[in-house]
Amino acid sequence: MAIVPLERKPLTLAERSYLPGIVGGLKTTLKHLFQPNVTMEYPEQRPALPPGYRGAPTLVKDPHGREKCVSCQLCEFVCPPKAIRITPGEIPADAPTAHVEKAPKEFEIDMLRCIYCGLCQEVCPEEAIWLQNQFSLTGYTREEMVHNKQRLYELGGTLPDPHLKWDKKLAAEVAGGASH
Amino acid sequence: MATEFTFPDNAAKTAEAKRRPEPVEGLAAKPEFTTEKMSLSMGPSHPSTHGVLRLQMELDGEILTKADPVVGYLHRGDEKIAENMTYNQFVPYTDRLDYLAPLANNMAYAIAVERLAKLDIPPRLQAIRVLTAEMARVSSHLMGLGAFGIDVGAWTVFMYTFEEREKLYKLFEELTGARLTTSYSRIGGVARDLPEGWLGRVNAFCDQFLPILDEVLSLLTRNKIFMDRTVDVGVISKADALSYGLTGPNLRGSGVPLDLRKDKPYSGYEQYEFDVPVGTKGDCYDRYLVRGEEMKQSVRIIKQVIAKFPGGEWYAKDARRIFAPPKDKVLTSMEELINNFMIVTAGPQMPAGEVYFEAENPKGILGFYVVSKGGGVPWRLKIRSPSFCNLSILPKVCVGLLISDVVAILGSLDFVMGECDR
C-alpha cells in the first residue's frame, strides 16, 4: 500500500511515427473480429432474467385464487414517486372469503410514474404485490399505461404462498367458534 | 460559475465597422485586420458534453478566450425531495445522482444516515458494501474511459469497455434485480443478501477482466494519436486542483494523493491493501492514466474482499427495529406487523442531530450532510457532489486552448450531470 506516481516514459522513435499505434490497434480489432458475438437480436432473442428481477409491479392471487391484497394502502404510502392509488372496499359478508373483510375496490399503478424500486413489494404485509419479469411495457395512450386492477392481476397470476394465514384464521375461527 | 454572459452584439459591431471612414488616400494606410470575438454555445445537447451541460464559449478564431459552464438543466431538487420522505424512501433517488455508479451512491447515503442513527454495522454488510462500491468504480471508470476514447476519436475503446461493463451489469442485475437503478442499500443493511454462487462469478469476472483491461489500455497508453490529443492539454496544477475543490481521479491526476479510502477509511477499507495512483503533470493524459490504474486497484480490493468474506448478519440488528422489521416476521407476527405499519406511515424514529459523511466515489468525494430534528424525515439533506466541484475548474483550464482541446478536457474530467445538477 502506497502512493504510486504514474510513470510516463517518452515515446521511442518508432512509436512517434504513429505506426505501432495504428498497427497495434488494427491487430486488436482483427483479433476481436473472429470472436463470438456479444450482442443479441433483441426482440427475437430475449435476455435471460435472473430470479428476483425487478420488473413491473403486479398483483398476485394465492393458490386458491383469492386476491391477496387487503387494501391496507401501505404500498401507496411508501411509493416514492406516488404511482399507486388504491380505493379500499369491503368483501361482502356472504362471500367465501368474508373473514378477510377487505379487498381493493380499485387498484391503479401509473406505469409512467413507477420507478421499479421495489419498495411496495418490500413493505407489503400480504405479499400481494410483486415485481415480476415484464420489463418492456408500451402503450399508445397515457390511460393505457395506468394499470388497473384487472390488468395487474393478468400480469401477476398466481404465486405459491407458504403461510396461507387467512386459511389458518378461518380454521381457528371455526374451531373456536369465535366470531372475532 | 457566473451565469450572466453578454453575447457580443455581432450585428451592431459589423455595422459600426462599415461606418468607419475610408482611410484617407496618401496616408500610409496600415492594412488593419479587424477581428471579432465570436460566442458559441456548446450543449446542452452536444455529444461531447456528456449530458446536459452547456458551455458558453467566447472564441477568438479557434482559441477560447472564455468558457462558462451553465449547469442546471437536469435539476430535480433532490435535496428538497429528501425533506419530504422517510430515510429509506430516498434510496432510489440516490441511484439517480451519479447514475454510472449507483451502488456507490447508495452506500454513501446509507452510511451517512447510519452514523446519525448510531448503528453498529456487521462486518459482512461492510464487506458487501466495499465489494459493490468497487465494482461500481470499475463500471464507472470503464464508461468514463470509453467516453473519453470517443471524444478524442478512439471508437474501439468504447466498444471493448462497454462489453466489460455489460458483464458487470449482469452481475448487478443478479444481485439487486436492476441493472442501472440498483437501490441496493437500506439504512443499516442491504435490500437482499448475495445470491448463491455470486461471489464466484465476481471472482471469475475479475480474472478474465485484467487481461482485457490491459489490452484496452494498450490501445491508448502509448498511442501517439491519443497522446497528441491529451499530453500537456488541460494542465491543472496541484494548487489549482486543491483551491477549486477537485476530488477523485481528477485531483489525483494533478498529483495530490487524497483518497478517503486511505485517509478516512470507512466501511472497513482499512483492512484492504491497495495503492493510490497519482499523476505527475495534471494533464488529460494523467487523468486517463489514473483511471486505468484505479481499475486495477479496485480489482485488487475486490479479490481481497472475496478472499476473506465474513459470514454472519447482513443487516444491522438495531436497524431492523428502527427502519424495517424482517419480512418473515411481518408475515407471521402481529407485533412486527404493527411495527411495520408504524415505520412506513410515521417514519423511523431517529434522534435529533446532524452528521456529515463523505465517501470516495468513482467521480470524487460524494458527501451527505443530514440534519435531523428527530422523527421520520430529515430536516435538511445537503449533497456535496463531486461532478459539480470538478466542473468549476473549466473556466480556468479551458482558456487559451482550442475547441478540440475542450472536448478532450471534458472527456478527461469525466463528470455526470445527474449528480452535478441533482
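This passage describes the contact between chain A and chain B in a predicted model, followed by selected salt bridges, a small sheet and two buried serines.

The interface is a good place to start. The contact draws on 51 residues from chain A and 54 residues from chain B. Together the two chains bury about 4300 Å², with 58% of this area on carbon and sulfur atoms. Polar links are present as well: 19 residue pairs are in polar contact between chain A and chain B, both residues of each pair being at pLDDT 80 or more. On the side of chain A that touches chain B, strand E1 (3-5), helix H1 (13-16), helix H2 (19-33), helix H3 (74-78) and helix H4 (119-123) each contribute at least two residues. Helix H2(A) gives the largest share of that side, seven residues. Sorted by class, the same side of chain A holds 30 nonpolar, nine polar and twelve charged residues.

Strand pairing also crosses the interface. E1(A) runs parallel to strand E6 (residues 276-278) of chain B, and three bridges join the two strands. Within this pairing, Pro5(A) has Val278(B) as its bridge partner.

Four salt bridges are found across the interface of chain A and chain B. One of them joins the side chains of Arg8(A) and Asp286(B), at 3.0 Å from N to O. Another links Arg186(B) and Glu122(A) at 2.8 Å, N to O. This second pair reaches from strand E4 (residues 185-186) of chain B to helix H4 of chain A. Its two ends differ in their surroundings: Arg186(B) counts as buried because its relative accessibility is 3%, whereas Glu122(A), at 31%, counts as partly exposed.

Over all chains, the count of salt bridges comes to 37. Within chain B, Glu58(B) pairs with Lys37(B), and their closest N and O atoms are 3.9 Å apart. Glu58(B) lies in strand E2 (residues 54-60) and Lys37(B) in the loop between helix H1 (10-19) and strand E1 (38-42) of chain B, so this salt bridge ties together parts 21 residues apart in sequence. Glu58(B) is buried at 14% relative accessibility, while Lys37(B) is partly exposed at 35%.

A further salt bridge in chain B joins Arg252(B) and Glu360(B), at 3.0 Å from N to O. Here the partners are 108 residues apart, with Arg252(B) in helix H10 (residues 249-253) and Glu360(B) in strand E7 (residues 350-361) of chain B. Both count as buried: Arg252(B) has a relative accessibility of 0%, and Glu360(B) has 2%. The two belong to one network, in which shared salt-bridge partners also connect Glu134(B), Arg137(B), Asp259(B), Arg261(B) and Glu294(B).

Chain A contains an open, antiparallel sheet of three strands in the order E3-E4-E6. Strand E3 (84-90) and strand E6 (146-147) each have a single partner strand, so one side of each is left without a neighbour in the sheet. Two bridges connect E4 (residues 102-110) with E6(A), and Asp110(A) stands opposite Val146(A).

Finally, two serines sit in loops. Ser71(A) is placed between strand E2 (57-59) and H3 of chain A and counts as buried at 4% relative accessibility. Its contacts beyond four places in sequence include Ile86(A), Lys102(A) and Pro104(A). Ser267(B) lies between helix H11 (260-263) and E6 of chain B and is likewise buried, at 9%. A polar atom of the Ser267(B) side chain lies 3.4 Å from the backbone oxygen of Gln126(B).

Notes:
Residues are numbered from 1 along each chain as its sequence is written. Chains are lettered from A and ligands numbered from 1 in the order in which they are written. This is a predicted model: local features need pLDDT of at least 70, side-chain atom pairs count only at pLDDT 80 or more; totals for chains, interfaces and linings use all residues. Side-chain values use heavy atoms; hydrogens and water are left out. Contact means heavy atoms within 4.5 Å. Buried area is the accessible area (1.4 Å probe) that two parts lose on being put together, summed over both. A polar contact is a pair of N or O atoms within 3.5 Å; within protein, one must be able to donate a hydrogen and the other to accept it, and residues adjacent in sequence count only if both atoms are side-chain atoms. Helices (H or I, at least four residues) and strands (E, at least two) are DSSP runs, numbered from the N terminus. Ala, Val, Leu, Ile, Met, Phe, Trp, Tyr, Cys and Pro count as nonpolar, Asp, Glu, Lys and Arg as charged, and the others, Gly among them, as polar. Two strands pair if DSSP finds at least two bridges between them. Buried means under 20% relative accessible area, exposed over 50%, partly exposed in between (1.4 Å probe, protein chains only).
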